[in-house]
Amino acid sequence: MKSKLLVPTIAALGAIVLGLGGVSQTIAQEGTHAATPIVGASQVAVVIQDVDGNDVGNATFTEGGDGVVTVEVEVQGLPAGEHGIHVHETGVCDPSGDQPFSSAGGHYNPAGTTHGGPPAAADHDMAAASGSPEAGTGHGGDLGNISVGDDGTGTLTIQTDRFTLSIGPTTLQDADGSALVIHANADDLMTDPSGNSGGRIACGVIFPPAEGTPVASLTS
């Protein structure tokens, strides 16, 4: 897995709400433009789509003053069962080809660690979280599993200090952006590089690459 390098630009499209120095600022833009880093970005809203382009969920990433990021995910219309969920290293969700969403690259892994579980047992409906490895192990983007019920819906809430939204050595807001990916199978929380979690069935851009069209909206 590659280490992510910081580049002080992102692409912006539409109305973006930024939190800078504790002050909210709205920037309306048309077309694709390069923008300076969102130094005080504290929250990102992500739309999750399946391989057919259907909206199947949403996620919110919120960074607190202590640098800990809370990730909240809601999905619908997915197969029942446990599904591995990870932050990936590239903010491109292309469903085409034999391996949908391979454009998102591997797991976000700035520390170059081996695959593991989430930082700690999470506040969500997955019993396997209690068996996650100790804090500090696993990829930066390892979030464990999301449990989907027979009705196709599922939720996940987890906190992590393995990445940030704001600019820094572990920011998700770097040259090639980042994405949230949901897999077909459960993550076993140990097998490198992806926990035997199978193909990628849903994807959402967290931060787009420096040049491209974003899917995320930013709020503070």
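Reader: Which residues of E9 are buried on one side, and which on the other?
Author: In this predicted model, Ser-178, Leu-180 and Ile-182 are buried on one side of E9, and Ala-179, Val-181 and His-183 are buried on the other. Both faces of the strand are therefore covered, and six of its six residues count as buried, each being under 20% relative accessible area.

Reader: Which strands pair with E9?
Author: Strand E6 (residues 81-88) is joined to E9 by four bridges, and the two run antiparallel. Six bridges join E9 (residues 178-183) to E10, again antiparallel.

Reader: Where does Val-181 fit in?
Author: Val-181 is the bridge partner of His-86 in one pairing. In E10, the partner of Val-181 is Cys-203. Leu-180, also in E9, has Gly-204 as its bridge partner in E10.

Reader: Is E10 enclosed or open?
Author: Largely enclosed by the rest of the structure, because seven of the eight residues of E10 (residues 200-207) are buried. E10 also pairs with strand E3 (residues 43-50), antiparallel, through two bridges. There, Asp-50 has Ala-202 as its bridge partner.

Reader: Back to Cys-203. How many disulfides does the structure hold?
Author: One. Cys-93 and Cys-203 form it, with their sulfur atoms 2.0 Å apart. The link is left-handed, with -65° about the S-S bond.

Reader: What does the disulfide link along the chain?
Author: Distant parts: Cys-93 sits in the loop between E6 and strand E7 (142-148), while Cys-203 is in strand E10, 110 residues apart.

Reader: Are the two cysteines buried or exposed?
Author: They fall into separate classes. Cys-203 counts as buried, at 3% relative accessibility. Cys-93 counts as partly exposed, at 24%, because that value is not under the 20% cut-off for buried.

Reader: New topic. How many residues are in the largest nonpolar core?
Author: It has 28 residues, and Phe-61, Val-73 and Leu-180 have the most contacts inside it. The elements giving two or more residues to this core are E3, strand E4 (55-63), strand E5 (69-75), E6, E7, strand E8 (154-160), E9 and E10.

Reader: Which residues does Val-73 touch?
Author: Leaving aside residues up to four places away in sequence, Val-73 touches Ile-48, Asn-58, Ala-59, Ile-85, Ile-146, Gly-154, Thr-155, Leu-156 and Leu-180.

Reader: And what is in the second core?
Author: That core is separate and has five residues, including Phe-101, Ala-179, Val-181 and Cys-203.

Reader: Why would nonpolar side chains be buried together?
Author: I can only give the general tendency: in soluble globular proteins, nonpolar side chains tend to be buried together.

Reader: OK, rings. How many aromatic pairs are there?
Author: Two. In one of them, the rings of Phe-61 and Phe-163 have centres 6.2 Å apart and planes at 45°, so that pair is tilted. Phe-61 is in strand E4 and Phe-163 in the loop between E8 and E9, so the pair ties together parts 102 residues apart in sequence.

Reader: What about Tyr-108 and Phe-163?
Author: Tyr-108 and Phe-163 form an edge-to-face pair, 6.5 Å centre to centre with 80° between the planes. Tyr-108 lies in the loop between E6 and E7, and Phe-163 in the loop between E8 and E9, 55 residues apart. Ring pairs thus link Phe-61, Tyr-108 and Phe-163 into a cluster.

Reader: Are those rings buried or exposed?
Author: Tyr-108 and Phe-163 are both buried. Phe-61 is buried too, with a relative accessible area of 0%, and Phe-163 is likewise at 0%.

How values were computed. Residues numbered from 1 in each chain as written. Predicted model: local features only at pLDDT ≥ 70, side-chain atom pairs only at ≥ 80, totals over all residues. Heavy atoms only, no water. Buried < 20%, exposed > 50% of the residue type's maximum accessible area, 1.4 Å probe, protein only. Pairing = 2+ DSSP bridges. Disulfide = S-S within 2.5 Å. Core = buried A, V, L, I, M, F, W, Y, C linked by side-chain atoms within 4.5 Å. Contact = heavy atoms within 4.5 Å. Phe/Tyr/Trp six-rings, centres within 6.5 Å; stacked < 30°, edge-to-face > 60°.
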